[in-house]
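Reader: Please take a single part of this structure and go through it closely, with its surroundings, at a pace that lets me follow along at the bench.

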Amino acid sequence: MKITLIRHGMTPGNLEKRYIGRTDEALCPEGRTKLEKMKVPESEILVVSPMKRCIQTAEILFPGQSPEICEEMRECDFGDFENRTSEELSNDRHYQDWIDSNGEMQFPNGELPEDFRNRCCKAFERITKQYSNAKSIAFVVHGGTIMAIMSRFSEPHKDYYNWMTGNASGWICEFDGRVLTKPEKI
């Protein structure tokens with residue numbers, strides 16, 4: 001099965017390098033323009049995070065195709081860091097503690113990164129089993145969601161942060177029901 005993982009287009013918060021998780025931002029004009037120039041392979045099944053930025057990205061890249069909205073594929077809840085930049089957080093003791101934990105500590109008043117990754121991966125497993133007879137599935141989701149899936153299922157294995165993906169980019173892989181192989185950058 002061919003799996004396409006696409007990160008949503010750029011939003012105003014992405015432009016400003018803000019932590020944008022639960023904030024339901026729309027795409028910015030620059031984000032729309034880049035997406036309108038993108039070519040992605042057609043996909044039999046389309047799965048999308050419930051966030052506006054993902055739904056709008058899917059509408060541009062897969063016009064006329066009805067998506068399955070997957071709540072579990074939404075971005076991480078960054079808690080007190082939400083909608084703030086690393087510069088704005090630079091004097092925050094909790095932010096420094098989180099950095100020192102290599103991003104493994106729970107976001108203050110937010111989600112535990114491990115819980116976020118498990119949520120995304122369980123949804124990926126459920127969807128790929130549900131559509132195991134499909135030839136292709138495209139996921140229009142978030143950077144963290146892609147990182148979680150690729151770090152859990154890719155072969156050869158790479159750690160979570162090695163799968164960072166820019167806006168309006170991602171991976172096309174082969175999936176045998178267990179592992180993602182032959183990742184090609186979009």
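Author: Contact here means heavy atoms within 4.5 Å of each other, and the account that follows rests on a predicted model. The part I have chosen is helix α3, which spans residues 52-61 and whose buried residues are R53, C54, Q56, T57, A58 and L61. "Buried" stands for under 20% relative accessible area. The elements that cover these buried residues of α3 include β1, α2 (29-37), β2 (45-48) and β4 (136-141), and I will take several of them in turn.

Let us begin with the neighbouring helix. Two packed helices are described by the angle between their axes and the distance between the axes. For α2 and α3 the angle is about 35 degrees, and the axes lie 9 Å apart, while the crossing that the two helices make is right-handed. On the side of α2 the residues that meet α3 are R32, L35 and E36, and on the side of α3 they are Q56, T57, I60 and L61. Sorted by character, the residues of this contact comprise three nonpolar, two polar and two charged. Of the α3 residues in this contact, Q56, T57 and L61 also appear among the buried residues of the helix.

The loop that leads from β2 to α3 holds S49, and this residue has a relative accessibility of 0%, so it counts as buried. Leaving out residues up to four places away in sequence, S49 touches C54, I55, I69, C70, M73, R74, V140, V141 and H142; C54 is itself one of the buried residues of α3, and V140 and V141 fall within the range of β4. As a wider reference, the C-alpha atoms of S49 and W163 are 19 Å apart, with their positions 114 residues apart along the chain.

Strand β2, another of the elements covering α3, has I45 and V47 pointing one way and L46 and V48 pointing the other, and all four are buried. It pairs in the parallel sense with β4 over four bridges, and within that pairing V47 is set opposite F139. β2 is also joined to β3 (residues 68-69) by two bridges, again in a parallel arrangement, where V48 has I69 as its bridge partner. That I69 is also touched by S49.

β1, which is likewise among the elements that cover α3, leads on to a further part of the fold. This strand (residues 2-7) runs antiparallel to β5, and five bridges join the two, with T4 standing opposite I172. In β5 (residues 170-175) five of the six residues are buried, so the strand is largely enclosed by the rest of the structure. β5 is in turn joined to β6 (residues 180-185) by four bridges, in an antiparallel arrangement, and F175 faces L180 across that pairing. The hairpin that β5 and β6 form has four residues between its strands, and there G177 adopts a positive phi near 95 degrees.

To draw the strands of this account together, the buried residues of α3 are covered by elements that include α2, β1, β2 and β4. Of these, α2 packs against α3 at an angle of about 35 degrees, β2 and β4 pair with each other in parallel, and β1 pairs antiparallel with β5.

Terms used: Residues are numbered from 1 along each chain as its sequence is written. This is a predicted model: local features need pLDDT of at least 70, side-chain atom pairs count only at pLDDT 80 or more; totals for chains, interfaces and linings use all residues. Side-chain values use heavy atoms; hydrogens and water are left out. Buried means under 20% relative accessible area, exposed over 50%, partly exposed in between (1.4 Å probe, protein chains only). Two strands pair if DSSP finds at least two bridges between them. Axes are lines fitted to C-alpha atoms, for helices over the stretch in contact, and angles run from 0 to 180 degrees between N-to-C directions. A crossing is left-handed if the near helix is turned anticlockwise from the far one by less than a right angle, and right-handed if clockwise. Ala, Val, Leu, Ile, Met, Phe, Trp, Tyr, Cys and Pro count as nonpolar, Asp, Glu, Lys and Arg as charged, and the others, Gly among them, as polar.
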